[in-house]
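Subject: Structure handover and notes

Hello,

Please find the structure below, followed by notes on what turned up in it. Have it open while you read.

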Amino acid sequence: MIDIATLSTPNVVSAPLNQEINMLQFHIPNMTCGSCARPVKDALLSVDPLAQIETDTPARQVRVETALDEAAFLAVLAEAGYPHQPLASR
């Protein structure tokens, strides 16, 4: 017998409630246009498909809201040819 209520309930995947969400920010000097922003976003999503990503091409910055730590994102950005470069301290 098929339970119709179960079939109509969406299967939502999210981070566990006790997991801390980090807001990471990366400066990507090579991200100069919208065509560059797409592979940057794709690379980041390959690490965490559930991440919320916001690109700011004029500022050459990307913000990532994720439960994962920064190291995996740094590695994939470098592999994709868009390495993060820390902003100089003022």
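Two residues are said to be in contact when heavy atoms of theirs lie within 4.5 Å. Helices (H or I, at least four residues) and strands (E, at least two) are DSSP runs, numbered from the N terminus.

This is a predicted model, in which local features need pLDDT of at least 70 and side-chain atom pairs count only at pLDDT 80 or more, while totals for chains, interfaces and linings use all residues. Residues are numbered from 1 along each chain as its sequence is written, and side-chain values use heavy atoms, with hydrogens and water left out.

Overall layout

The protein chain has 3 helices and 3 strands, and from the N terminus on they follow the order α-β-α-β-β-α. Of its 90 residues, 27% count as buried. Here buried means under 20% relative accessible area, exposed means over 50%, and partly exposed is in between (1.4 Å probe, protein chains only). Taking the contacts with a separation of 6 or more, 69% are between residues 24 or more positions apart.

Thr-57 and the cysteines

Thr-57 sits in the loop between strand 2 and strand 3. With a relative accessible area of 18%, Thr-57 is buried. Apart from neighbours within four places in sequence, Thr-57 is in contact with Met-31, Thr-32, Cys-33, Gly-34 and Ala-37.

Cys-33, one of those contacts of Thr-57, raises the matter of disulfides. A disulfide is a covalent bond between the sulfur atoms of two cysteines. In the model, a disulfide is a pair of cysteine sulfur atoms within 2.5 Å. By this rule there are 0 disulfides. Cys-33 is in none, and the nearest cysteine sulfur, that of Cys-36, is 3.6 Å away. Likewise, Cys-36 is in no disulfide, its nearest cysteine sulfur being that of Cys-33 at 3.6 Å. As for accessibility, Cys-33 is partly exposed at 32%, whereas Cys-36 is buried at 11%.

Arg-60

The loop between strand 2 (52-56) and strand 3 (61-66) also holds Arg-60. Most residues other than glycine have a negative phi. Arg-60 is not a glycine, yet has a positive phi of about 60°. Its relative accessibility is 32%, so Arg-60 counts as partly exposed.

Helix 2 against helix 3

How are two packed helices described? By the angle between their axes and the distance between the axes. Helix 2 (residues 34-47) and helix 3 (residues 70-79) pack at about 140°, with axes 9 Å apart. The axes are lines fitted to C-alpha atoms, for helices over the stretch in contact, and the angles run from 0 to 180 degrees between N-to-C directions. Angles under 35 degrees count as roughly parallel, over 145 as roughly antiparallel, 65 to 115 as roughly perpendicular and the rest as oblique. Helix 2 and helix 3 are therefore oblique to each other. Their crossing is right-handed, the term for a near helix turned clockwise from the far one by less than a right angle (left-handed if anticlockwise).

On the helix 2 side, the residues that meet helix 3 are Val-40, Ala-43, Leu-44, Ser-46 and Val-47; on the helix 3 side they are Ala-72, Phe-73, Val-76 and Leu-77. These divide into 8 nonpolar, 1 polar and no charged. The classes are: nonpolar for Ala, Val, Leu, Ile, Met, Phe, Trp, Tyr, Cys and Pro; charged for Asp, Glu, Lys and Arg; polar for the others, Gly among them.

After helix 3 comes the segment with Ala-80, which is partly exposed at 36%. The C-alpha atoms of Ala-80 and Pro-39 are 7.5 Å apart, with their positions 41 residues apart along the chain.

Ala-51, Leu-45 and Glu-54

Ala-51 belongs to the loop between helix 2 and strand 2 and is buried at 8%. Beyond its neighbours within four places in sequence, Ala-51 is in contact with Leu-45, Val-64, Glu-65 and Thr-66. From Ala-51 to Thr-66, 15 residues apart in sequence, the C-alpha distance is 4.9 Å.

Leu-45 is in helix 2 and partly exposed at 24%. Outside its neighbours within four places, Leu-45 is in contact with Ala-51 and Ile-53.

Glu-54 is in strand 2 and partly exposed at 45%. With neighbours within four places left aside, Glu-54 is in contact with Gln-61, Val-62 and Arg-63.

Regards
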